[in-house]
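Biologist: I would like a close look at one part of this protein, the helices and how they pack. Please take me through it step by step.

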Amino acid sequence: MTLAQSHRLPLSGSKRLWLLVLLAAIGACTPKVRRTGKTLPVKPPTIEPDKPVAPPPAAAEKPVVAKTSSIALLLPFGLDNIGSVKGYKSADLKKADIAVDYYQGFKLALDSLTAKGYNYKVQVYDTKDEPGYTHSLSVNPNIRNSNLIVGPVFPEGIKSFAGKPAVIKKPLVSPLAPASPADFANPNLITVIPPLDYHAYNAAKFIVSRVKPRKVFILRSGFTEDNKYIVPFKLSIDSISKKKIQVVYYTVSHGSFKSLLPQLNNKVENVFIVPSVNQSFLTVTLRSLDTLATHYPITTIGHPNWEKLTFLKPDILQHIKAHITLADRINYRAAGTVNFIRAYRKAYKKEPSAFAYKGFDEGYYFGEILAQHDDAFSRLDQHDYKALHNEFKFVKKAGQGWINTHVNVFRYSNFELKKVE
């Protein structure tokens, strides 16, 4: 059970803050059993000499008490804003909403596991999303002695908490950030959200195994941000195809493909990689690709963040056979999802957000591993898991810890994203 000290919230206009008042100080408690009673005189037994003495009854076996797993949650509630005159700023409120939703999903998962007989001691800490304060939490003995540490949520928080070299020797879960674990260089880190490198790898794998083109064209926008996708993609496709697929770089200017046309083929599939998320560039370039698709067979691979871009035109995406890779995709018709939504509504009287799903999935996965396996964090690759929002397939990388690599490929079809089987 979770205990919390309450503070009155200022009228902020947001109903999502109702839980924050319960999280100013959070601890955990476990039931204790006491024995009480009086000592009575014992009458000596009378034993007849002509009868055998019965052996004493076997001592009753002591019930096995499940171990208690300790978990520290480090989330950006920003509780100091509750008592301030100004209250929550918009950006801080968004972070607090993430923290509340994730915590509620995580707690619901542990409640489900507790019903199975597992025991947990959960301590929740407000990181305030301040690097200095987050770093101070790294020396808290209660956190350092936990069996598992979940958080901080944002990359800067992870850097300030974990430190270089790593000062935290316990398993440390990065629950929501797809940041590259190379940025943290912590061998105890567990990165749940697949980094961009693994999206690029899975896109290259799909191209080599399913499309099988002779060459691929990487369309550059001219912004260096594109390289975060381009570099791992080039390494991946060279490795998977053994450099049998030619990679052609082309910087698009004002949507023109004129100098690229001689390299296109109207008999086989022409594959275009578009790693940009820039609105002005994509608006012009995708329109040009749409025109090109009337004369050439083309397949387009986009950045995974395209799913969030509302300005993209579904009819164009469908015509250019656009594909993207995604790690998060919830099947709302699945029985597990329906059950989760029902339980979440009952517990919190609201609809679960994407962060609530992730909190539940990660709470259930890591909570069960903690309860069942003493050395599970040395072999996460033996514990694949199909969650509500994704699958967990961890690989160990030297100096970077465990990384979830599971990514699916989706195609825009019938004006929606459909998983490529």
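Modeller: What follows goes from the whole chain to the packed helices, and then to three single residues.

Start with the status of the model: it is predicted. The chain has 10 helices and 18 strands. Of its 421 residues, 47% are buried. Take the contacts between residues at least 6 apart in sequence: 67% of them join residues at least 24 apart.

Now to the first helix of interest. H5 covers residues 196–211. Does its length fit or clash with that of a regular helix, at 1.5 Å a residue? Its 16 residues should span 22 Å, and the end C-alpha atoms are 21 Å apart, so the two values agree. Much of the interest lies in what H5 hides. Tyr 198, His 199, Ala 200, Asn 202 and Ala 203 are buried there. So are Ala 204, Phe 206, Ile 207 and Val 208. After H5 comes Lys 212, with a positive phi near 55°.

Next, the partner of H5. Two packed helices are described by the angle between their axes and the distance between the axes. H5 packs with H6, residues 227–241, at an angle of about 40°. Their axes are 8 Å apart. That angle makes H5 oblique to H6. The crossing is right-handed. Which residues of H5 meet H6? They are Leu 196, Asp 197, His 199, Ala 200, Tyr 201, Ala 203, Ala 204, Lys 205, Ile 207 and Val 208. On the H6 side, the contact uses Lys 228, Tyr 229, Pro 232, Phe 233, Ser 236, Ile 237, Ile 240 and Ser 241. By class, the contact of H5 with H6 has 12 nonpolar, 3 polar and 3 charged residues. Some residues appear in both accounts of H5. His 199, Ala 200, Ala 203, Ala 204, Ile 207 and Val 208 are buried, and these residues also meet H6.

Helix H9 comes next, with two partners to consider. H9 spans residues 335–348, and H10 spans residues 354–372. The two pack at an angle of about 105°, with axes 12 Å apart. H9 and H10 are therefore roughly perpendicular to each other. From H9, the contact takes Thr 337, Phe 340, Ile 341 and Tyr 344. From H10, it takes Ala 356, Tyr 357 and Phe 360. This contact has 6 nonpolar residues, 1 polar residue and no charged residues.

The other partner of H9 is H1, residues 90–114. Here the angle is about 110°, and the axes are 11 Å apart. That makes H1 roughly perpendicular to H9. H1 passes H9 in a right-handed crossing. Asp 101, Gln 104, Gly 105, Lys 107 and Leu 108 of H1 meet Phe 340, Ala 343, Tyr 344, Ala 347 and Tyr 348 of H9. The residues of this contact divide into 6 nonpolar, 2 polar and 2 charged. Note Phe 340 and Tyr 344: these H9 residues take part in the contact with H10 and also meet H1.

Back to H10 itself. Its 19 residues should span 27 Å at 1.5 Å a residue, and its end C-alpha atoms are 27 Å apart, so the length agrees. Why is H10 called largely enclosed by the rest of the structure? Because 15 of its 19 residues are buried.

Three single residues round off the tour. Thr 285 lies in helix H7, residues 279–292. Its relative accessibility is 1%, so Thr 285 counts as buried. Beyond neighbours within four places in sequence, Thr 285 contacts Leu 219, Val 252 and Phe 257.

Gly 401 sits in strand S16, residues 401–404. Its relative accessible area is 0%, so Gly 401 is buried. Gly 401 and Ala 182 are 219 residues apart in sequence, yet 9.3 Å apart in space, C-alpha to C-alpha. Leaving out residues up to four places away, Gly 401 touches Asn 186, Pro 187, Leu 189, Val 395 and Lys 396.

Val 167 is in the loop between helix H4 (155–162) and strand S6 (172–174). Is Val 167 buried or partly exposed? Val 167 is partly exposed, at a relative accessible area of 33%. Val 139 is 28 residues away from Val 167 in sequence and 8.8 Å away in space, C-alpha to C-alpha. Not counting residues up to four places away in sequence, Val 167 touches Ser 138, Arg 144, Phe 161 and Ala 162.

Methods
Residues are numbered from 1 along each chain as its sequence is written. This is a predicted model: local features need pLDDT of at least 70, side-chain atom pairs count only at pLDDT 80 or more; totals for chains, interfaces and linings use all residues. Side-chain values use heavy atoms; hydrogens and water are left out. Helices (H or I, at least four residues) and strands (E, at least two) are DSSP runs, numbered from the N terminus. The expected span of a helix is 1.5 Å times one less than its number of residues. Buried means under 20% relative accessible area, exposed over 50%, partly exposed in between (1.4 Å probe, protein chains only). Axes are lines fitted to C-alpha atoms, for helices over the stretch in contact, and angles run from 0 to 180 degrees between N-to-C directions. Angles under 35 degrees count as roughly parallel, over 145 as roughly antiparallel, 65 to 115 as roughly perpendicular and the rest as oblique. A crossing is left-handed if the near helix is turned anticlockwise from the far one by less than a right angle, and right-handed if clockwise. Contact means heavy atoms within 4.5 Å. Ala, Val, Leu, Ile, Met, Phe, Trp, Tyr, Cys and Pro count as nonpolar, Asp, Glu, Lys and Arg as charged, and the others, Gly among them, as polar.
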